[in-house]
Amino acid sequence: MQTQILTMSNQVPEDGTRLPLMEEFYTIQGEGYHTGTAAYFIRLGGCDVGCHWCDVKESWDASIHPLTAADSIIENAKKYPAKTVVITGGEPLIYNLDYLTKGLHAAGIKTFIETSGAYPLSGEWDWICLSPKKFKAPRKDVLDAAGELKVIVFNKSDFAWGEEYAQLVGPNCKLYLQPEWSKSKEMTPSIIDYVKENPKWDISLQTHKFLNIP
């Protein structure tokens, strides 16, 4: 997997004018701080973080997703009423996102990102959702810039792990605990109890799955 991603990354122009696009779609944000708001999602291919519970494993291999002109992505985003874009993956920060985000801003579109924080921060962002993974730690530049820390809770040890990162983000960063979907029935009661005892945290749910939307 690492070799596939690095090979594909080497084919992506360093200026980010073309990117491996897995999919793009207009929907309602289902998780975290912006839950319930309309946004245009841009999912880039390529990820070597390798979460075993990832629900979009087809995004991992960047080589199967077509290199697409960033200008084309921007034009598609401009077609929709909500002037907010969420860039996700995969791990989008594998690539230089300066060109794409500058173009979106020039079109009057806000830029949000969902990232593990494992790669250097590029791009101009109105909101950064950091969802760290145990397999590859987030970088300090992303921790410092995050507006939202979203910790996925797979088992009870994740509470202590999440607290470690809560100490590393900025004082105004929003803190969320979100049950991993396949363990939701098991872990949600524990999350509820934990948030009641530690009210600096909020609960995030994958509401798009309940609503049966992308």
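Accessible areas here come from the Shrake-Rupley method with a 1.4 Å probe. With that method, the chain of this predicted model exposes about 10000 Å², and carbon and sulfur atoms supply 53% of it.

**Whole chain**

Start with a cartoon view of everything. The secondary structure comes to seven helices and nine strands. Of the 214 residues in the chain, 52% are buried. Take the contacts between residues at least 6 apart in sequence: 63% of them join residues at least 24 apart.

**The sheet**

Select the strands next. Nine strands form an open sheet with mixed pairing, in the order 3-1-2-4-5-6-7-8-9. Strand 3 and strand 9 (201–203) stand at the edges; each has a single partner strand, so one side of each is left without a neighbour in the sheet. From one strand to the next, the twist averages 30 degrees.

Now select residues 127–130 and 148–153, which are strand 6 and strand 7. These two strands run parallel and are joined by two bridges. To see one pairing, pick C129, whose bridge partner in strand 7 is E148.

**Helix 5 and helix 6**

Add residues 157–166, helix 5, which packs on the sheet and touches strand 7, strand 8 (174–179) and strand 9. The direction of helix 5 makes about 165 degrees with that of strand 7. Is helix 5 mostly covered or mostly uncovered? It is mostly covered, with seven of its ten residues buried. Show these as sticks: D158, F159, W161, G162, E163, Y165 and A166. Their cover includes helix 4 (140–145), strand 7, strand 8, helix 6 and strand 9.

Then add helix 6, residues 184–197. Helix 6 lies across strand 7, strand 8 and strand 9, and runs at about 150 degrees to strand 8.

**The nonpolar cores**

Hide the cartoon and show side chains. In soluble globular proteins, nonpolar side chains tend to be buried together. The largest nonpolar core in this chain has 45 residues. Select I87, L97, L149, L177 and W201, the members with the most contacts inside that core.

Centre on L149. Leaving out residues up to four places away in sequence, L149 touches L130, P132, G162, Y165, A166, V169, C173, K174, L175, Y176 and W201. Apart from the largest core lies another core, of six residues, among them F25, A39, F41 and F112.

**Q29**

Move to Q29, in the loop between strand 1 (18–28) and strand 2. Is Q29 buried or exposed? Q29 has a relative accessible area of 6%; buried means under 20%, so Q29 counts as buried.

Show what surrounds Q29. Beyond its neighbours within four places in sequence, Q29 is in contact with H34, T35, G36, T37, A38, A39, F41, T84, V86, F112 and T207. Finally, draw a C-alpha to C-alpha distance from Q29 to H208: the two are 179 residues apart in sequence and 7.1 Å apart in space.

**The annotated cysteines**

For the last stop, select C47, C51 and C54, which UniProt lists in an unreviewed entry under "binding site". Where is C47 in the chain? C47 is in the loop between strand 2 (38–44) and strand 3 (67–69). Its relative accessibility is 8%, so C47 counts as buried.

Notes: Residues numbered from 1 in each chain as written. Predicted model: local features only at pLDDT ≥ 70, side-chain atom pairs only at ≥ 80, totals over all residues. Heavy atoms only, no water. Helix = DSSP H or I, 4+ residues; strand = E, 2+ residues; numbered from the N terminus. Buried < 20%, exposed > 50% of the residue type's maximum accessible area, 1.4 Å probe, protein only. Contact = heavy atoms within 4.5 Å. Core = buried A, V, L, I, M, F, W, Y, C linked by side-chain atoms within 4.5 Å. UniProt positions renumbered as here; feature names shortened; annotations may be inferred. Pairing = 2+ DSSP bridges. Axes fitted to C-alpha atoms, helices over the stretch in contact; angles between N-to-C directions.
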